[in-house]
Amino acid sequence: MNEELGYAVKDISDKTNRELTTEEIYDAFIKEYVAFHPYFDIIDYQFSKSEIPEVKLTLLKDNQQIEASASGSGSLDAVNQAIKKTLAATYTLEVYEQNSLGKNSKAQACAQIGISSQGKMYWGAGIDQDIVKATLQALVTAVNRLEMSTRATEKQMEQPSV
């Protein structure tokens, strides 16, 4: 993710023809990797406490609420399976990392997720005091970035050849 963020920051710097402040770099990170949910978002979730983790999700896609559910080897895997099944998305969750953004129990958590599809990585991050919410935000952003790339590719294929 660091390399991709570096390229995004460099692109902004090149377009503005100046060095960016730390606030501008942070804002770019938030815009591109935390708050990027143009195609869908999770608006509610509920985990069951059973031997095999299960999740019930409420997704918002195209201004419509969609109910989804799945089970998995853990909470993240269950959410991942529900998203893949409901959105018919094809990817592999490759990277999951988390860090604390403070030193006490009120510190925010930052989760980073990398998914791969057709040899390309798509990254997302989430920041929240609740590590589960941060993780879900990160996954949602990564899948939205994949969806953006997929739609751009489909649009290019629709363009007539010159």
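In the predicted model, Y96 has I113 of β5 as its bridge partner, and this pair belongs to a region in which β4 and strand β5, the latter spanning residues 109-117, are joined in the antiparallel sense over 8 bridges. The two strands are part of an open sheet of 3 strands, arranged in the order β4-β5-β6 with antiparallel pairing. Its edges are formed by β4 (92-100) and β6 (120-128), each of which pairs on one side only. From one strand to its neighbour, this sheet turns by 15° on average, direction ignored.

Two residues of the edge strand β6 illustrate its surroundings. I127 is placed in strand β6, and its relative accessibility of 15% puts I127 in the buried class, since the limit for that class is under 20%. Neighbours within four places in sequence being left aside, I127 is in contact with Y26, F29, I30 and V34, with L101, Q108, A109 and C110, and with A134 and Q137. For one of these residues, A109, the separation from I127 is 18 residues in sequence and 5.6 Å in space, taken from C-alpha to C-alpha. M121 likewise has its place in strand β6, but with a relative accessibility of 25% M121 counts as partly exposed. Residues up to four places away in sequence not being counted, M121 touches E4, E94, V95, G114, I115 and S116. Between the C-alpha atoms of M121 and Y91, which lie 30 residues apart along the chain, the separation is 9.4 Å.

A further open sheet of 3 strands, with the order β1-β2-β3, also shows antiparallel pairing. Here β1 (40-48) and β3 (64-71) occupy the edges, and because each has a single partner strand, one side of each is left without a neighbour in the sheet. The twist in this sheet averages 20° from one strand to the next. Strand β2, covering residues 54-61, is paired with β3 in the antiparallel sense over 8 bridges, and within this pairing K56 has S69 of β3 as its bridge partner.

Helices lie across both sheets. Helix α3, formed by residues 75-87, lies across β1, β2 and β3 and runs at about 130° to β3. Helix α4, formed by residues 131-158, lies across β4, β5 and β6, with a direction of about 145° to β6. The helix α4 also lies across β1 and β2, where it runs at about 140° to β1; α4 thus has contacts with strands of the β4-β5-β6 sheet as well as with strands of the β1-β2-β3 sheet.

The two helices α3 and α4 also pack against each other, at an angle of about 30° and with their axes 11 Å apart. This angle makes α3 roughly parallel to α4, as the limit for that description is under 35 degrees. The contact is made on the α3 side by L76, V79, N80, I83 and L87, and on the α4 side by T135, L136, L139 and V143. The crossing in which α3 passes α4 is right-handed.

Within helix α4, N144 provides a link to the segment around Y39. With a relative accessibility of 0%, N144 counts as buried. The side chain of N144 reaches the backbone nitrogen of Y39 at a distance of 2.9 Å. When residues up to four places away in sequence are not counted, the residues touched by N144 are F36, H37, P38, Y39 and F40.

Considered as a whole, the protein chain contains 4 helices and 6 strands, which follow one another along the sequence in the pattern α-α-β-β-β-α-β-β-β-α. The C-alpha atoms of the chain fill a box of roughly 55 × 50 × 30 Å, taken along the principal axes. Of the 162 residues in the protein chain, 36% are buried, I127 and N144 being among them. Among contacts between residues at least 6 apart in sequence, 41% join residues that are at least 24 apart.

How values were computed. Residues numbered from 1 in each chain as written. Predicted model: local features only at pLDDT ≥ 70, side-chain atom pairs only at ≥ 80, totals over all residues. Heavy atoms only, no water. Pairing = 2+ DSSP bridges. Axes fitted to C-alpha atoms, helices over the stretch in contact; angles between N-to-C directions. Contact = heavy atoms within 4.5 Å. Buried < 20%, exposed > 50% of the residue type's maximum accessible area, 1.4 Å probe, protein only. Polar contact = N/O pair within 3.5 Å; in protein donor to acceptor, adjacent residues only side chain to side chain. Parallel < 35°, antiparallel > 145°, perpendicular 65-115°, else oblique. Left-handed = near helix turned anticlockwise from the far one by under 90°.
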